[in-house]
Amino acid sequence: MPAAHPTLADLRARIGEIDGSGSRQHGVLPFGLPALDRRLPQGGLARGALHEVAGGGHGAVDGAAATCFVAGIAARCQGQVLWCVSQADLFAPGLAQMGLPPERVIHVEAGDDVSVLAAMEEGLRHGGLGAVVGDVARLSMTASRRLHLAAKGTGTIGIALRRWRRQADASDFGQPTAAMTRWRVSELPSAPLPVPGIGRARWLVELIRARAGESFDLELEACDGTGHLGLPADVADRPATAAGGQRAFG
Amino acid sequence: MWPIDRRQRQAGSAPSAERPLIIAGRAGSRRVVTAACPAAQGFGLRPGMAVARAQALVPDLRIEPDDGPADARALERLALWLLQRVAPIVAVDPPDGIVIDSTGADHLHGGEAAMLEALAGKLALSGITARLAIADSWGAAHALARWGAGTVTIVPPGGADAALAPLPLEALRLPAAMAAGLRVLGFASIGDLMDQPRAPLTRRFGAELCRRLDQARGLASEPIAPLRPEGLIEIRRAFAEPIAAPETIARTIGKLVVGLCEALAAKGLGARRLDLLCSRIDNRTETLRVGLAVPQRDPARLTRLLCDRIVTLDPGLGIEIMTLTATIAEPLSPRQASTLLDEGAPDLSGLIDTLSNRLGPRAVFRFAPVASEVPERATIRIPPLAEPAPVAPDLGAWPDHWPRPARLLPRPEPIETMALLPDHPPRWILWRGIRRHVQCADGPERIFGEWWKREAEAQAVRDYFRIEDETGARYWIFRQGDGEDSATGSHRWFLHGIFG
């Protein structure tokens with residue numbers, strides 16, 4: 001419980017001022033899910049910082065689950081969202097179902113990664129936006145540092161949605177960047193329903209790296225119509241039968 | 001066709017087959033047909049024919065007197081409309097043409113072919129019959145637009161000679177007597193003239209012939225004097241010494257913008273489009289066009305937008321005149337900066353201007369719903385600050401009782417499947433070489449073709465399924481057809497989107 005102890009929290013704040021992670025003055029955006037917020041350094045996703053999200057497995061190429069995760073975060077921010085892409089395959093009705101209606105998103109279609117990063121930086125420096133999202137494959141230390149500083153100046157959340165053309169390129173995700181947190185979201189089979197059909201989508205949300213925090217992974221239910229994640233009932237309550245049953249089938 | 005189009009636009013009537021329209025002018029003492037509408041041409045009426053003969057051929061003929069000055073004025077208005085939309089340098093090419101210098105402007109419209117297509121569409125919608133051509137020189141474009149094979153011609157750079165060779169001599173903008181004289185000598189096409197020794201030609205016909213030939217082939221320069229309408233807000237600076245350094249250009253832009261903003265403020269206007277014209281000492285004009293999402297007259301912002309693009313200017317040996325014009329200006333009333341009430345939505349126009357001038361105006365957009373069940377038609381791109389068009393509330397938003405994927409493939413990709421017909425989801429799918437076993441599925445969601453849009457869709461049906469494979473990946477697939485009747489589709493399967 002990082003934020004629980006007052007002395008520790010104070011120390012963390014002082015370190016934060018020194019190393020310039022700068023989340024203190026802009027506050028955080030909580031997920032509204034105690035199981036998740038409790039494990040994050042300040043009890044939420046720091047505003048005025050850059051965060052990285054990628055999909056796991058096939059998601060490294062199609063980035064669908066990561067897109068929904070990011071759309072849920074953006075939906076809970078106040079104000080307009082700038083979404084910069086280099087390949088135009090976002091489907092606005094799908095985003096609207098994650099709580100991000102079309103009138104809140106300004107799309108930018110830039111030709112390549114360099115233009116996407118430049119457009120993101122421009123958006124982060126503006127300050128009037130709620131969140132800035134960019135689909136990028138390569139994110140160097142320099143580029144991420146620029147984005148992080150731009151975000152820090154205005155308090156806008158910057159999210160780099162890492163998405164690669166080929167599965168093999170996804171090893172790039174191991175390279176260090178200046179991002180505050182680094183998430184990986186992979187699809188899991190949905191909860192079985194008593195009738196034929198697909199239940200609410202489930203994800204394995206992994207926090208791979210967090211500055212001043214610890215990494216963890218958590219099985220969560222996908223965003224609802226307002227962008228809020230859910231905790232699966234069997235994880236929340238852990239009835240012995242459900243847990244045992246899953247093991248037996250696995 | 002311009003006089004005919006103008007009259008029909010004025011009257012607001014479509015050309016009618018019952019009452020063909022001709023324009024009658026005077027040639028000496030005779031009344032002759034100067035233009036005829038397509039219906040009249042179908043009856044065999046041609047420009048140059050005597051009016052009396054035309055009346056004898058077609059009894060119920062509508063005859064309008066020739067009005068050259070009015071045609072010219074209307075043509076100038078059309079040129080002005082093009083100036084505001086297409087490129088900074090536009091001029092009238094009387095009696096029936098408009099010449100546009102599209103250098104550096106085509107990429108804003110998505111390339112030359114896309115630009116011409118969009119332009120032809122817009123003109124056709126306004127009821128103007130237009131023939132368009134792009135070539136290296138004014139002369140070549142003029143000739144190909146009037147005498148080329150198709151209604152839209154694009155000549156690749158350096159291809160002007162080959163394109164011009166088969167055209168008749170009249171395409172060179174020569175006086176009629178000179179063309180007739182050349183014909184007597186046995187010259188039929190421009191190609192015949194190109195290889196001739198020039199001295200005898202010049203001696204016989206004067207310098208005009210070789211000048212026109214060189215202009216068409218791009219060997220002689222022919223500057224276009226841009227159209228400057230009355231009341232256009234324009235600031236001009238001429239330099240004692242030509243300038244070329246980017247810093248100097250930036251400083252000059254700053255001074256020009258301040259002057260322009262003062263002129264705009266005096267009229268209560270804000271600029272929506274700025275054109276910077278730089279006349280180089282070798283008599284070429286470099287242009288720079290900047291668009292704005294909302295009317296603006298803030299010098300710092302306009303200067304920044306213009307200075308961002310200095311790299312695209314080629315100063316050559318030096319620039320001697322710089323002109324800044326507000327090509328489109330709209331009323332801009334002062335606004336109260338702050339109130340005691342809540343702050344409104346933050347002003348994003350500056351950000352949008354910066355991005356759209358850097359990446360092109362089509363690159364920054366917002367999606368708006370369209371009342372269509374077909375997924376790829378369910379969205380339309382609108383300008384980022386535009387209000388979405390009001391639609392009926394029950395049709396406006398997308399349906400939310402069926403899940404929609406976050407990523408939609410640009411076009412559906414064919415997959416191989418094994419499925420029970422007619423309404424079962426597949427047992428497995430093979431997509432991009434990987435076989436995925438379907439664990440659970442939802443569907444079908446049946447989407448019917450929009451018969452009111454295309455005849456071919458009258459019977460078409462798509463059955464959409466949402467499937468989940470053993471790793472948890474969720475896809476949106478559909479079958480073309482209802483699974484029973486082959487008239488509704490080919491019964492092939494496609495993958496269309498990916499759920500999170």
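## How the labels in this model are earned

User: How do you know that β1(B) and β2(B) run antiparallel?

Analyst: Six bridges join strand β1 (residues 21-27) of chain B to β2(B), and the two run antiparallel. Strands count as paired if DSSP finds at least two bridges between them, so these two qualify. Arg26(B) stands opposite Arg31(B) in β2(B). This is a predicted model, where local features need pLDDT of at least 70 and side-chain atom pairs count only at pLDDT 80 or more, while totals for chains, interfaces and linings use all residues. Residues are numbered from 1 along each chain as its sequence is written, and chains are lettered from A and ligands numbered from 1 in the order in which they are written.

User: What makes β1(B) and β2(B) strands, and what lies between them?

Analyst: Strands here are DSSP runs of E, at least two residues, and helices are runs of H or I, at least four residues, numbered from the N terminus. β1(B) and β2(B) form a hairpin with two residues between them. In the turn, Gly28(B) has a positive phi of about 65°.

User: Why is strand β2 of chain B called mostly covered?

Analyst: A residue is buried if 20 or more other C-beta atoms lie within 10 Å of its own, exposed if 12 or fewer, and partly exposed in between, with C-beta atoms placed from the backbone. In β2 (residues 30-36) of chain B, five of the seven residues are buried. Strand β12 (residues 364-369) of chain B is mostly covered too, with five of its six residues buried. For chain A, 48% of the 250 residues count as buried.

User: What makes β12(B) a partner of a strand in chain A?

Analyst: β12(B) and strand β5 (residues 105-109) of chain A pair in the antiparallel sense over two bridges. The pairing rule asks for at least two, so this pair meets it. Val108(A) has Val364(B) as its bridge partner, and His107(A) has Phe365(B). Within chain B, four bridges join β12(B) to strand β13 (residues 379-382), again antiparallel. There, Arg366(B) stands opposite Ile382(B).

User: How do you know which strands are the edges of the sheet that holds β12(B)?

Analyst: Ten strands form an open sheet in the order β10(A)-β9(A)-β8(A)-β3(A)-β7(A)-β6(A)-β4(A)-β5(A)-β12(B)-β13(B), with mixed pairing. The edge strands are β10 (216-221) of chain A and β13 of chain B, as each pairs on one side only. Neighbouring strands are turned by 25° against each other on average, direction ignored. Inside the sheet, strand β8 (residues 181-188) and strand β9 (residues 202-210) of chain A pair in the antiparallel sense over eight bridges. One of the partner pairs is Leu188(A) and Arg202(A).

User: Which helices lie against the strands of chain A?

Analyst: Helix α5 (residues 64-76) of chain A lies across β3, β4, β6, β7, β8 and β9 of chain A, running at about 145° to β3(A). Helix α7 (residues 113-126) of chain A packs on the sheet and touches β4, β5, β6 and β7 of chain A, and its direction makes about 170° with that of β6(A).

User: What makes two residues of chains A and B count as touching, and how many do?

Analyst: Two residues are in contact if their C-beta atoms, placed from the backbone, lie within 7 Å. The contact takes 42 residues from chain B and 44 residues from chain A. β12(B) gives the most to the side of chain B that touches chain A, with six residues. By class, that side has 26 nonpolar, seven polar and nine charged residues. Ala, Val, Leu, Ile, Met, Phe, Trp, Tyr, Cys and Pro count as nonpolar, Asp, Glu, Lys and Arg as charged, and the others, Gly among them, as polar.

User: Why is helix α1 called roughly perpendicular to helix α4 in chain B?

Analyst: Their axes come within 10 Å and cross at roughly 80°. Axes are lines fitted to C-alpha atoms, for helices over the stretch in contact, and angles run from 0 to 180 degrees between N-to-C directions. Angles under 35 degrees count as roughly parallel, over 145 as roughly antiparallel, 65 to 115 as roughly perpendicular and the rest as oblique, so α1(B) is roughly perpendicular to α4(B). Trp2(B), Pro3(B) and Arg6(B) in α1(B) meet Asp71(B), Ala74(B) and Leu75(B) in α4(B). Those contact residues divide into four nonpolar, no polar and two charged.
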